[in-house]
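Visitor: I'd like a close look at a single part of this protein, and at how that part fits with what surrounds it. Could you walk me through it?

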Amino acid sequence: MSPTRTAAFFDLDKTIIAKSSTLAFGKPFYEGGLLTRRAVLRSAYANFMFSISGADHDQLEKMRAYLTQMVTGWDVEVVRQAVAETLHSIIDPLVFEEAVTLIEQHQAAGRDVIIVSASGVEVVEPIGAMLGVDHVIATTLVAENGRYTGDVEFYAYGPHKATAMRALAEERGYDLAGSYAYSDSETDAPMLEAVGHPFAVNPDKALRKIAEDNDWPILVFARPVALRRRLGLDTRVGKAAAVTVVASAVGAVALTLVTRRKGRFTA
């Protein structure tokens with residue numbers, strides 16, 4: 001029997017939110033004692049360059065190497081707390097209204113919504129919980145005794161995104177030919193090619209050419225949304241519910257990272 005369920009896969013950075021999700025947490029990581037002032041300034045500069053020009057394969061590889069080296073020895077619990085305590089103040093103003101609308105439309109049509117991001121799972125999972133998506137595919141770092149080792153178990157980047165999508169589709173019975181995918185970057189071409197309905201969102205120059213050559217629709221997302229107000233989270237009850245959801249999601253991720261056996265994923 002052929003699969004009948006469909007899904008919508010969304011890249012995170014510059015597709016759902018307007019900047020790098022990982023680098024956006026530079027200030028709270030600094031305040032939590034995880035980063036030096038120099039590292040914060042470097043992250044801010046990298047975020048600025050990312051926001052105005054995107055990032056090609058070599059730049060993303062350098063960023064990955066820098067970030068994995070930077071987090072070696074970090075306390076998983078401190079990261080968890082920093083993300084949970086600052087999630088709404090940092091991410092809320094960055095979410096594109098057009099992305100939220102699309103997520104809602106896909107969910108109304110009965111499709112699962114999945115975020116697929118090269119950022120770490122400890123950042124992506126809480127954002128996914130905030131947005132109410134069904135699942136996330138994200139980079140997984142190795143942790144031992146509550147601290148990151150600097151090893152990468154799974155790098156959700158380039159063709160590895162597509163591989164993970166196919167594995168999830170096999171597990172959950174998604175018909176990828178009837179499914180949707182959205183991304184801004186040429187490095188996500190394999191992700192877009194994995195589904196029957198690919199969309200280029202705010203595409204970089206290389207992805208725009210690929211989209212035009214393949215007649216893929218090109219979307220422009222430009223309107224940040226006050227997500228808490230849109231989702232009713234500016235009320236006392238809404239805020240309490242949001243804190244509970246985010247704390248639960250981050251706690252589950254931290255537990256997974258702490259108990260995960262050491263391994264390495266070579267990109």
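Guide: Happy to. Let's begin with one pair of residues: Leu141 stands opposite Val152 in β4. Please keep in mind that this is a predicted model. The strands β3 (135-144) and β4 (147-154) pair in the antiparallel sense, over 4 bridges. As general background, strands of a sheet pair through backbone hydrogen bonds, either parallel or antiparallel.

Now step back to the sheet around that pair. It is an open sheet of 7 strands, in the order β4-β3-β2-β1-β5-β6-β7, and its pairing is mixed. The edge strands are β4 and β7 (218-219), each of which pairs on one side only. Val152 therefore sits in an edge strand, since β4 pairs on one side only.

Two helices meet this part of the sheet. Helix α6 (residues 121-131) lies across β2, β3 and β4, and runs at about 150° to β2. The other is helix α7, which covers residues 159-172. Its 14 residues reach 20 Å from the first C-alpha to the last, close to the 20 Å expected at 1.5 Å a residue.

Which residues of α7 are buried? They are His160, Lys161, Ala162, Ala164, Met165, Leu168 and Ala169. An α-helix has 3.6 residues a turn, so residues three or four places apart point the same way. The buried residues of α7 pack against β1 (7-11), β2 (112-120), β3 and β4, and also against α8 (189-193). Just after α7 comes Gly173, which takes a positive phi of about 75°.

There is another buried histidine to visit, this time in helix α5 (residues 97-108): His106. Its relative accessible area is 4%, and because buried means under 20%, His106 counts as buried. Leaving aside neighbours within four places in sequence, His106 is in contact with Ala8, Phe10, Arg111, Val113, Tyr180 and Tyr182. Among these contacts, Ala8 and Phe10 fall within β1 (7-11), and Val113 falls within β2 (112-120).

Finally, here is the setting as a whole. The protein has 11 helices and 7 strands, and 51% of its 267 residues count as buried. Among contacts between residues at least 6 apart in sequence, 68% join residues at least 24 apart. The accessible surface comes to about 12,700 Å², and 53% of that belongs to carbon and sulfur atoms.

Note on methods:
Residues are numbered from 1 along each chain as its sequence is written. This is a predicted model: local features need pLDDT of at least 70, side-chain atom pairs count only at pLDDT 80 or more; totals for chains, interfaces and linings use all residues. Side-chain values use heavy atoms; hydrogens and water are left out. Helices (H or I, at least four residues) and strands (E, at least two) are DSSP runs, numbered from the N terminus. The expected span of a helix is 1.5 Å times one less than its number of residues. Buried means under 20% relative accessible area, exposed over 50%, partly exposed in between (1.4 Å probe, protein chains only). Contact means heavy atoms within 4.5 Å. Two strands pair if DSSP finds at least two bridges between them. Axes are lines fitted to C-alpha atoms, for helices over the stretch in contact, and angles run from 0 to 180 degrees between N-to-C directions. Accessible areas come from the Shrake-Rupley method with a 1.4 Å probe; for residues, only the protein chains shown count as cover.
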